[in-house]
Amino acid sequence: MSTVTNSSLATRDLQHVWHPCTQMKDHEQQPPIPVRRAQGVWLEDFDGRRYLDAISSWWVNLFGHAHPRINSAITAQLPQFEHVMLAGFTHEPAIALAEELVRITPPGLTRCFYADSGSAAIEVALKMSFHYWQNQGQPRKRVFVTLSNSYHGETLGALAVGNVDLYKGTYAPLLMDVLTVPSPDCYGREPGESWAEHTRRKFSLMQTALERYAEDIAAVIVEPLVQCAGGMRMYDPVYLSMLRAACDRYGVHLIADEIAVGFGRTGTMFACEQARISPDFLCLSKGLTGGYLPLSVVLTKESIYEAFYAEFIAQRAFLHSHSYTGNALGCAAARATLGIFFNGPVLETNERLAAHMTQRLAPLVDHPHVSDVRQTGMIGAIEFVRDKATREPFPWQERRGQILYRHALERGVLLRPIGNVVYFMPPYVITPAEIDLMIEVAVQGIDRACA
Ligand code: PMP
């Protein structure tokens, strides 16, 4: 009997599987790693090697892999039914999840529209905003405003409102035009300037755009507090408060994409809470199911829902329909995930873990190739550069991040730098000792990558 090994599975994989976000030729040097099992923060491959999942499997996992409570919620739902369509039919997991989401999200969000991925949620929010203005007799309002360096997914609408060239450049001819305003990203602040001062100063550019083009704008879309795929660039909550007030002043929707930052990542359950604001549309996915199943949701306000509510012949209904909308297994996983939040002091525990991370990251400020160390809650990032004084980055062609990635794998840690930014977004069940390991390996990786 032949045994299954990393190598035998990787060989089969490369015959037929086309991987995401990957130059497949790279796998000639570094084959994909087949996972046999995963438990807590650890992944294990077929050769028995273990890897600390320091990036929560693309930021989806909250409470570790194979969590008993989420496992049993899914297995309890399974004998009832797996999935039924959500048009004309409904089910308790979708109803109860909507009730819970309305209760825990910022005030005023009363309606939940389900979809099945983060990108799909963005498409829903964009279409709903546009369609709302149509229904209100304001057809001119169809422009979306986005921040530079933002990321909202990779379907064509979501890609259009994103601004990371790596993902967008090639497909630009296919995308709708948007209005892009410089990001408040605090990496660019002046020496001695605080995050809040910088962020406030940057808001004037948004203010100008809204003032000038409000009649044509449907919505502003932002990633609250952290531009994740854009290299974990961060800004102060004051931007969100000012943006909320300006959107109200100019009659423009605010779409908060909390797909990556929701569910405790930034220290609060939702990042918008730190600015005490409610968006008009809140997009959630990733951690929603604890990292188990693809599910997303857009929450919106009663007044927006009402603009679509009319006799059939008025033709005002929202038109969007994914086959797997409101999947029952996904909703069961999501309810169990929220149950973990309700059952214990998750955010308080995270605060202690985040403080530990802060302490361990602090010495890196003096590293000769580190230009910035930043953190918001359970998201930490280190930016490494060729020249610390001028902040000149390493050319992207040198792929320094890849050196770090490989080093970390050899040492049993999964880190996946974005360009020259190595970041940490671990599951909340990580221990202080595991945080030490993760950062120690990252520092060695930086030393190797910068050599
Ligand atoms: N928005 C943000 C802020 C994200 O980080 C992501 C995923 N990285 C998405 C949208 C897209 O989500 P998905 O990959 O599930 O389509």
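This note covers the cores, one buried loop residue and the ligand site of a predicted model.

1. Residues are numbered from 1 along each chain as its sequence is written, and side-chain values use heavy atoms, with hydrogens and water left out. Because the model is predicted, local features need pLDDT of at least 70 and side-chain atom pairs count only at pLDDT 80 or more, while totals for chains, interfaces and linings use all residues.

2. The largest nonpolar core (buried Ala, Val, Leu, Ile, Met, Phe, Trp, Tyr and Cys residues joined through side-chain atoms within 4.5 Å; buried means under 20% relative accessible area with a 1.4 Å probe, protein chains only) has 104 residues, of which Leu101, Met206, Met232, Leu243 and Phe263 touch the most other members. Domain 1 (33-66 + 346-450) and domain 2 (71-342) both contribute residues, so this core lies between them; the bounds come from an automatic or database domain assignment. Apart from it lies another core of 25 residues, including Met128 and Val298.

3. Thr325 is buried, with a relative accessible area of 12%, and touches His83, Leu86 and Tyr114, not counting residues up to four places away in sequence, where contact means heavy atoms within 4.5 Å.

4. The residues around the ligand (a heavy atom within 4 Å of it) include Trp59, Tyr151, Glu223 and Asp257. A polar side-chain atom of Ser119 lies 2.6 Å from an oxygen atom of the ligand, and an N or O atom in the side chain of Lys286 is 2.9 Å from a ligand nitrogen atom.

Definitions and conventions: Buried means under 20% relative accessible area, exposed over 50%, partly exposed in between (1.4 Å probe, protein chains only). A polar contact is a pair of N or O atoms within 3.5 Å; within protein, one must be able to donate a hydrogen and the other to accept it, and residues adjacent in sequence count only if both atoms are side-chain atoms.
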